[in-house]
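Thanks for coming, everyone. I would like to take you through one model this morning, beginning with a backbone detail in a loop and ending with the pockets.

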Amino acid sequence: MSKPAINICLIGQKFMGRAHSNAYLKAPKFFDLPVEPVMHTVAAQDKASLEPFAKKWGWKNASVNWREAIRNPEIQLVDITAQNHMHREMAIAALESGKHLACEKPLAGSLDDARQMRDAARKYPKSKTSVWWSYRRTPAVALAYQLARAGKIGRIYHVRGYYLQDWAGPDVPLIWRFDKKVAGSGSHGDLGAHIIDMARFISGEEITEINGAIAETFIKERLIPSIGSAGGIAGGAKSGHGKKGTVEVDDATLFLCRFSGGAVGNFEATRFSTGYQNKNGVEIHGEKGAVSFNFEDMNHLSWFDNTADAKVKGWTKIMVTHAPDHPYAHAWWPDAHIIGYEHTFINQAADIMMSLGGAEPTIPLSDFEDAFQTQRVLEAVSVSAAERRPVKLMEIE
């Protein structure tokens, strides 16, 4: 018996467009899903590259008119991978058309846009929303979440989050990621959003106050590109002939905060951490135990059992590849046959299909209501850095 189909409209064909396309291709091959993801239409602006993209990745149709594609009655799920400043218009149009919705992170380029998206999702409750916090779908992070929910960490004392990259040196031209009108922010929204979400997700606590923040732009001007990035972060971008433009976003943002359960936290997000290409992690330290995750070693979770006998107490490095004990491991390979970055998207695509098919995802999806809370934290940090003062989250509505 054939499964019900979920016809998907993907908006965007660059870095995330490839990641999402691969996820929809692979999810039904590795997971037993209640519904079948059907790659119906991909929509993007560049017609010359769009049709080859659609053919290569298996999309049945290609459109340069995303509004028309969204309105197609055959579409059930709209997936937005477009630039941040476009999320609000596309998401609201999809919700008004009665579609389910998946959106790349951060939820939007501004708090106001995110609020409008959250409100639209409330207005159309029959449409399920989700946000691609793909690092939640790393088995190690999912296991940390399960350990915290099982009470293994106990009362949380300290949270540490970091996202360290080094790609944005002075030779990189003024691509869209440095344009506030398009991106909304720099390292803060692009990288910091991930670690804020992971900390909230694992701990189950909300950030209640930003006690101090600093944002810095190291390179004030960059050469205007003659060719934009071609599917990666900045890969393929080429500078023009000497004309420069102003960088309008942060290169690095750091902040201190308090959590609803009494824990304190420190976070840093930077594109100038020389020597680290994608060091993305979180540590949660509690009364009964602690967890530590670093994406550059994504198949391991470090665990400290503070209740163990002192003779054997110490950090344990868990390889999270054993089925059925570790999240998502049942879908993949034998023990110690590790997975990679693309699998986080496949795991999420599977969880989205589980949710749309009426089943429980392996771990909870973030909907627009939840993602709006991370957007509030992003805004509070920006205000704290700009005004050089503590900011309570109750000020940010």
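Let me start at A336, which sits in the loop between β16 and α9, where helices (H or I, at least four residues) and strands (E, at least two) are DSSP runs, numbered from the N terminus. Before going further, I should say that this is a predicted model, in which local features need pLDDT of at least 70 and side-chain atom pairs count only at pLDDT 80 or more, while totals for chains, interfaces and linings use all residues. Residues are numbered from 1 along each chain as its sequence is written, and side-chain values use heavy atoms, with hydrogens and water left out.

What drew me to A336 is its phi, near 70°, a positive value in a residue other than glycine. At 44% relative accessibility, A336 counts as partly exposed, on a scale where buried means under 20% relative accessible area, exposed over 50%, and partly exposed in between, with a 1.4 Å probe and protein chains only. R388 also has a positive phi, near 55°, and R388 belongs to the loop between α10 and β17 (391-392); with a relative accessible area of 77%, R388 is exposed. For context, most residues other than glycine have a negative phi, and most peptide bonds are trans.

On the peptide bonds, the loop between β16 (315-319) and α9 also holds P324, and the bond joining A323 and P324 is cis, with omega about 5°. Another cis peptide bond joins K105 and P106, with omega about -15°, and P106 is found in the loop between β5 (100-103) and α5 (111-123).

Turning to the interior, how many residues does the largest nonpolar core have? The answer is 113, and those with the most contacts inside this core are W59, I210, M353 and F368; a nonpolar core here is a set of buried Ala, Val, Leu, Ile, Met, Phe, Trp, Tyr and Cys residues joined through side-chain atoms within 4.5 Å. The largest share of this core, nine residues, comes from α10. Apart from it lies another core, of eight residues, including W167, A168, V172 and L174.

If we look at W59 itself, and set aside residues up to four places away in sequence, its contacts (heavy atoms within 4.5 Å) include I8, L10, Y24, M39 and F53. V38 lies in strand β2 (residues 36-43) and is buried, at a relative accessible area of 15%. The C-alpha atoms of V38 and I6 are separated by 5.7 Å, although these residues are 32 apart along the chain, and beyond its neighbours within four places in sequence V38 is in contact with A5, I6, N7, I8 and K60.

A word on the cysteines, since a disulfide is a covalent bond between the sulfur atoms of two cysteines. Taking a disulfide as a pair of cysteine sulfur atoms within 2.5 Å, the count comes to zero. The sulfur of C103, for instance, is 13 Å from the closest cysteine sulfur, in C9, which is too far for a bond. C103 is buried, with a relative accessible area of 0%, and C257 is buried too, at 2%.

That brings me to the pockets, which are defined on a 1 Å grid over the protein atoms alone: a pocket is an open set of points where a 1.4 Å probe fits, with protein on both sides within 12 Å along at least five of seven lines, and lining residues have an atom within 4 Å of a point. Grid points are joined across faces, edges and corners, and a volume is the space filled by probe spheres set on the points.

The largest pocket has a volume of about 1,000 Å³, and among its 46 lining residues K14, M16, T81, W176 and R177 lie nearest its centre. Two or more lining residues come from each of α1 (15-30), α4 (87-96), α8 (187-203) and α9 (341-356), with α8 giving the largest share, four residues.

The second largest pocket holds about 450 Å³ of space, and of its 28 lining residues the closest to its centre are K180, G184, S185, H188 and S382. Here α10 gives the most to the lining, with eight residues, and α10 is also the element from which the largest share of the largest core comes.
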